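Biologist: Please take one part of this protein and look at it closely. I would like to know how it is built and what surrounds it along the chain.

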Amino acid sequence: ALRQARRAQRRRLSSDAAAQHRPSRANRRAYLAGLRDRRDALEAAHGAPALHVATAVERTPVVMPDPEDWELEMWELQARLEEF
């Protein structure tokens, strides 16, 4: 029973401390209203914001090993045979 009483007291203390740091709804509403007014003023001055979207794709080159001598010779032979 003593543990439960202490836990309840800690919960009350922590909720009281959180309530002190949490802005009231009236303050929050006033803040949001100010943001809306600022947004409306900016839209009136500069027009509605345009949405710009872009995507960048980078393809890194694949590093291939140098062909061996026999591969070069085979490619040359194939190229000569294709001529006929």
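Modeller: Read from start to end, the protein follows the pattern α-α-α. That is three helices and zero strands. The model is predicted, so confidence comes before detail. Mean pLDDT for the protein is 80, and 82% of the residues reach 70 or more. Among the elements, helix H1 (residues 2–21) has the lowest mean pLDDT, 63, while H3 has the highest, 93.

The part I will take is helix H2. Helix H2 covers residues 25–46, which is 22 residues. From its first C-alpha to its last, H2 reaches 31 Å, close to the 32 Å expected at 1.5 Å a residue. How many of the 22 residues of H2 are buried? The number is zero, so H2 lies largely in the open. To be called buried, a residue needs under 20% relative accessible area. The protein as a whole gives a similar reading: of its 84 residues, 0% count as buried.

Two side chains can be followed one by one: Asp-40 and Arg-39 form a salt bridge, and their closest N and O atoms are 3.5 Å apart. The cut-off for such a pair is 4 Å. By this rule the count comes to one salt bridge. Are the two partners buried or exposed? Asp-40 has 38% relative accessibility and counts as partly exposed. Arg-39 has 45% and is likewise partly exposed. Both values fit the class because partly exposed covers the range between under 20% and over 50%.

Just after H2 comes Gly-47, with a positive phi of about 85 degrees.

For contrast, consider helix H3, residues 69–83. A nonpolar patch on the surface is formed by Trp-70, Leu-72, Met-74, Trp-75, Leu-77 and Leu-81, with about 650 Å² of accessible area together. Leu-81, one of these patch residues, lies in H3. Its relative accessible area is 55%, so Leu-81 is exposed, the cut-off being over 50%. A general point helps when looking at any such stretch: an α-helix has 3.6 residues a turn, so residues three or four places apart point the same way.

Over the whole protein, about 9100 Å² is exposed, and carbon and sulfur atoms supply 54% of it. To return to the part chosen, H2 is a helix of 22 residues with zero of them buried, and Gly-47 follows just after it.

Technical notes
Residues are numbered from 1 along each chain as its sequence is written. Side-chain values use heavy atoms; hydrogens and water are left out. Buried means under 20% relative accessible area, exposed over 50%, partly exposed in between (1.4 Å probe, protein chains only). Patches are made of residues with over 30% relative accessible area and no salt bridge: like charges are joined within 9 Å, nonpolar side chains (Val, Leu, Ile, Met, Phe, Trp, Tyr) within 5 Å. Accessible areas come from the Shrake-Rupley method with a 1.4 Å probe; for residues, only the protein chains shown count as cover. Helices (H or I, at least four residues) and strands (E, at least two) are DSSP runs, numbered from the N terminus. pLDDT is the predictor's confidence in each residue, from 0 to 100. The expected span of a helix is 1.5 Å times one less than its number of residues.
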